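Trainee: Could we go through this model together? I'd like to know what stands behind the words people use for it.

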Amino acid sequence: MSLNHIRPWRNIYRRESRQIMVGNVPVGGGAPITVQTMTNTLTPDVKATIAQVQAAAEAGADIVRISVPDEDSSRALKEICAESPVPIVADIHFHYKRGIEAAEAGAACLRINPGNIGSEDRVKEVIKAARDHNCSIRIGVNAGSLEKHLLDKYGEPTPDAMVESGLDHIKILQDNDFHEFKISCKASDVFMAAAAYQQLAEQTDAPIHLGITEAGGLTSGTIKSAIGLGNLLWMGIGDTIRVSLSADPVEEVKVGYEILKSLGLRHRGVNIISCPSCARQGFDVIKTVEKLEKRLEHIKTPMSLSIIGCVVNGPGEALMTDVGFTGGGNGSGMVYLAGKQSHKLNNDQMVDHIVEQVEAKAAELDAAAEAAE
């Protein structure tokens with residue numbers, strides 16, 4: 001990883017894991033932390049499901065998971081995988097044959113739940129299908145669906161029970177000489193999930209998929225996920241993430257990227273630094289930021305933009321951003337480019353002008369990156 005020697009307090013030392021491939025996307029082994037989401041359309045509705053996959057991919061999803069609960073879904077999956085711009089993970093529960101069918105249909109990865117996939121013999125059949133069709137596997141432990149013998153042993157879902165479940169299934173895969181797997185141990189309880197992931201990280205070198213399952217709606221789920229995933233990522237744990245929200249999958253992708261961007265682990269699009277606004281503001285900060293977020297969604301180039309209402313913190317923030325605007329008086333403010341004062345601007349021209357400046361800077365950065373290749 002690249003280390004920041006000037007500001008060492010920003011460094012995150014990622015846990016070493018081996019690398020697997022999910023289709024053409026590397027996971028673990030120092031690869032960029034990938035962002036996943038899951039469709040919520042009915043899988044047999046091929047048109048709607050493909051549209052949702054494409055929207056998620058456009059928002060930045062590296063991998064998309066799709067539920068395969070029945071034979072109709074298995075049949076639809078073949079067309080969906082063929083049309084998808086990103087690798088597809090088939091979500092398999094209860095029916096191990098769906099896992100076999102998903103591998104045959106072109107899924108890049110099979111997610112199996114130790115708590116409901118069935119006997120070891122059935123797992124072996126899924127492993128064979130994965131090997132035959134070049135699929136990876138995710139062992140997806142969930143606190144809400146642990147095996148009965150573990151619930152009897154521990155009395156309730158616990159971090160120890162979750163880790164034991166995961167390690168038992170790792171052993172099955174390894175005993176069958178299958179090593180292309182990643183693992184997760186999700187819980188809706190942030191404390192339980194964090195404790196389980198920390199234990200798991202110490203006991204396997206497999207890539208780890210992070211998630212706080214069933215986190216809730218857009219606001220509450222974002223907060224829970226930011227706390228749970230953010231702390232684990234800060235500790236260096238995690239190779240791929242999914243933010244589970246009762247919301248549009250595109251929102252999951254956006255939140256996932258924001259968590260990674262806030263920790264400096266992944267960069268995509270415009271990082272807007274803006275103040276909460278107060279009586280000192282020289283323009284309506286909140287409405288301006290809302291407009292800019294929508295107008296700049298098409299920018300994929302990593303860059304920074306500061307929108308600050310007054311001169312208390314505005315100039316200082318602008319010194320560290322690619323483009324900045326600081327509110328002043330008399331209906332105008334100051335535009336900063338590359339950290340330096342550039343020119344004054346009337347507030348009524350602000351949004352259009354800032355969009356133009358950001359687009360120009362993105363083009364400049366893209367050209368520099370292309371020339372360096």
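Mentor: Sure. Domain bounds here come from an automatic or database domain assignment. With that in mind, the protein chain is divided into domain 1 (8–263) and domain 2 (270–371). Keep in mind that this is a predicted model.

Trainee: What separates the centres of domain 1 and domain 2?

Mentor: Taken over C-alpha atoms, the distance between the two centres is 37 Å.

Trainee: And which features does UniProt place on the chain?

Mentor: An unreviewed UniProt entry lists "domain: IspG TIM-barrel" at residues 17–257, and "domain: IspG C-terminal", also from an unreviewed entry, at residues 271–359. The span 17–257 is 47% helix and 18% strand, with its end C-alpha atoms 21 Å apart. For 271–359 the figures are 29% helix and 31% strand, and the end C-alpha atoms lie 14 Å apart.

Trainee: Why is serine 17 called buried?

Mentor: Buried means under 20% relative accessible area. Serine 17 has 12%, so it counts as buried. This residue is found in the segment before strand S1 (20–22). Beyond its neighbours within four places in sequence, serine 17 is in contact with residues including Gly28, Asp205, Pro207 and Asp239.

Trainee: What makes threonine 219 exposed?

Mentor: The cut-off for exposed is over 50%. Threonine 219 has 60% relative accessibility, so it is exposed. Its place is in helix H8 (residues 218–234). The C-alpha atom of threonine 219 is 8.9 Å from that of leucine 245, 26 residues apart along the chain.

Trainee: How do you know that strand S8 is largely enclosed?

Mentor: Count the buried residues: six of the six in S8 (residues 181–186) are buried, so the rest of the structure largely encloses the strand.

Trainee: Which residues of S8 are buried on each side?

Mentor: On one side you have Phe181, Ile183 and Cys185, and on the other Lys182, Ser184 and Lys186. Both faces are covered. As a general point, side chains in a regular strand alternate between the two faces of the sheet.

Trainee: What makes S7 and S8 a pair?

Mentor: Two strands pair if DSSP finds at least two bridges between them. Strand S7 (residues 136–142) is joined to S8 by six bridges, so by that definition they pair, and they run parallel. Arginine 138 stands opposite lysine 182 in S8.

Trainee: In the sheet S11-S12-S13-S14-S15, why are S11 and S15 called edge strands?

Mentor: That sheet is open, with five strands in the order you gave and mixed pairing. Strand S11 (270–274) and strand S15 (340–346) are its edges: each pairs on one side only. On average, neighbouring strands of the sheet are turned by 20° against each other, direction ignored.

Trainee: How many bridges join S12 to S13?

Mentor: Four, and strand S12 (residues 303–308) runs parallel to S13. Isoleucine 307 stands opposite phenylalanine 325 in S13. Helix H10 (residues 285–295) packs on this sheet and touches S11 and S12; the direction of H10 makes about 155° with that of S12.

Trainee: What is notable about the phi of asparagine 330?

Mentor: Phi of asparagine 330 is positive, about 55°, although the residue is not a glycine. Asparagine 330 lies in the loop between strand S13 (323–327) and strand S14 (332–337). At 85% relative accessible area, asparagine 330 is exposed. Glutamate 214 also has a positive phi, near 45°. Glutamate 214 is in the loop between strand S9 (209–210) and H8, and with 58% relative accessible area it is exposed.

Trainee: How do you know that cysteine 135 isn't in a disulfide?

Mentor: A disulfide needs two cysteine sulfur atoms within 2.5 Å. The closest cysteine sulfur to that of cysteine 135 is in cysteine 109, 7.4 Å away, so it is too far for a bond. Cysteine 135 is buried, with a relative accessible area of 4%.

Trainee: And why is cysteine 275 too far for a bond?

Mentor: The closest cysteine sulfur, in cysteine 310, is 6.7 Å from the sulfur of cysteine 275, so there is no bond by that cut-off. Cysteine 275 is partly exposed, at 21%. A search of the whole structure finds zero disulfides.

Technical notes:
Residues numbered from 1 in each chain as written. Predicted model: local features only at pLDDT ≥ 70, side-chain atom pairs only at ≥ 80, totals over all residues. Heavy atoms only, no water. Helix = DSSP H or I, 4+ residues; strand = E, 2+ residues; numbered from the N terminus. Buried < 20%, exposed > 50% of the residue type's maximum accessible area, 1.4 Å probe, protein only. Contact = heavy atoms within 4.5 Å. UniProt positions renumbered as here; feature names shortened; annotations may be inferred. Axes fitted to C-alpha atoms, helices over the stretch in contact; angles between N-to-C directions.
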